[in-house]
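Please look through the sequence and the model below, and then follow the paragraphs that come after them, which move from one part of the chain to the next.

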Amino acid sequence: MSVELNHTIIHSRDNRESAEFLADLLNLEVGPEWGPFIPVVLANDVTLDFATIPEASIVPQHYAFLISEPEFDAAFGRIQELGIAYYADPHLKLPGEINHNDGGRGAYFPDPSGHGMELITRPYGG
């Protein structure tokens with residue numbers, strides 16, 4: 001059997017808020033609550049399981065999503081519509097811009113729990 005990532009747990013202030021935030025931006029479905037988790041399943045069957053923990057215990061992580069150009073247009077439109085701060089770089093030094101790395105488009109933005117989210121339309125080095 002080949003090795004595949006099946007799921008990961010994402011700590012959040014409010015598991016439902018964070019799951020719905022991401023699902024709304026990426027036009028995904030929020031799955032039914034399972035124990036302490038609210039799942040969001042990605043196209044490659046990897047599940048992001050959002051779990052509520054005390055805010056002081058959250059260590060910000062980085063999550064990058066490879067999406068199509070039309071999906072980028074829709075998600076980026078939602079980011080702008082919701083007034084979410086976005087950046088062209090991971091160090092947040094280029095506010096209000098997107099990047100065009102590797103011939104695609106990319107943007108960085110925070111989720112409700114402070115995790116660094118990234119949307120890209122081309123994989124790095126591609």
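**Strands, core and aromatic rings**

The bridge partner of Phe37 in strand 3 is Ala51. This is one place to begin in a model that is predicted, and the pairing to which we now turn is that of strand 2 with strand 3, which run antiparallel and are joined by 5 bridges. These two strands form a hairpin with 5 residues between them, and Asp45 has its place in the loop between strand 2 and strand 3. Asp45 has a positive phi of about 65°, a positive value in a residue other than glycine. Most residues other than glycine have a negative phi. Asp45 is also exposed, with a relative accessible area of 57%, and the C-alpha atom of Asp45 is separated by 8.8 Å from that of Leu5, although the two residues are 40 residues apart along the chain.

A second residue can be read alongside Asp45. Asn27, which is not a glycine, has a positive phi of about 55°, and Asn27 lies in the loop between helix 1 and strand 2. Asn27 counts as exposed because its relative accessible area is 72%, where exposed means over 50%.

Strand 3 also has a partner in strand 1, which covers residues 7-12, and these two strands pair in the parallel sense over 6 bridges. Within this pairing, Thr8 of the chain stands opposite Leu48 in strand 3. Strand 3 itself is mostly covered, since 5 of its 6 residues are buried.

Strand 4, made of residues 62-66, offers a view of two faces in one strand. In a regular strand the side chains alternate between the two faces of the sheet. Which residues of strand 4 lie on its covered face, and which on its uncovered one? Tyr63 and Phe65 make up the covered face, whereas His62, Ala64 and Leu66 make up the uncovered one. Strand 4 runs parallel to strand 6, which covers residues 116-120, and 5 bridges join the two. Tyr63, on the covered face of strand 4, stands opposite Met117 in strand 6.

From the strands we can pass to the interior. The largest nonpolar core has 25 residues, and those with the most contacts inside it are Leu26, Leu48, Phe50, Phe65, Ile79, Phe109 and Leu119. The elements that give two or more residues to this core are helix 1, strand 2, strand 3, strand 4, helix 2, strand 5 and strand 6, and the largest share, 6 residues, comes from helix 1, which covers residues 15-26. Leu26, one of the residues with the most contacts inside the core, touches Phe65, Ile67, Ala75 and Leu119, when residues up to four places away in sequence are not counted.

Phe65 appears again when we turn to an open space in the model. The largest pocket has a volume of about 430 Å³, and of the 20 residues that line this pocket, the closest to its centre are Leu42, Ala43, Phe65, Leu66 and Ile67. Helix 1, strand 4 and helix 2 are the elements that give two or more residues to the lining of the largest pocket, and strand 4 gives the most, with 4 residues.

The last stop is a set of aromatic rings. A pair of aromatic rings is described by the distance of the centres and the angle of the planes. A search of the whole structure finds 4 aromatic pairs. Among them is the pair of Phe72 and Phe76, which is stacked, with 5.6 Å centre to centre and 15° between the planes. Both of these residues lie in helix 2, which covers residues 69-81, and they are 4 residues apart, about one turn of the helix. Phe72 is buried, with a relative accessible area of 0%, and Phe76 is buried as well, with a relative accessible area of 12%. Phe76 also forms an aromatic pair with Tyr86, and this one is edge-to-face, with 4.8 Å centre to centre and 80° between the planes. Phe76 lies in helix 2 and Tyr86 in the loop between helix 2 and strand 5, so the pair ties together parts that are 10 residues apart in sequence. Both Phe76 and Tyr86 are buried, and ring pairs link Phe72, Phe76 and Tyr86 into a cluster.

Definitions and conventions: Residues numbered from 1 in each chain as written. Predicted model: local features only at pLDDT ≥ 70, side-chain atom pairs only at ≥ 80, totals over all residues. Heavy atoms only, no water. Phe/Tyr/Trp six-rings, centres within 6.5 Å; stacked < 30°, edge-to-face > 60°. Buried < 20%, exposed > 50% of the residue type's maximum accessible area, 1.4 Å probe, protein only. Pairing = 2+ DSSP bridges. Core = buried A, V, L, I, M, F, W, Y, C linked by side-chain atoms within 4.5 Å. Contact = heavy atoms within 4.5 Å. 1 Å grid on protein atoms, 1.4 Å probe; cavity = no way out; pocket = protein on both sides within 12 Å on 5 of 7 lines; lining within 4 Å. Points joined across faces, edges and corners; volume = space filled by probe spheres on them.
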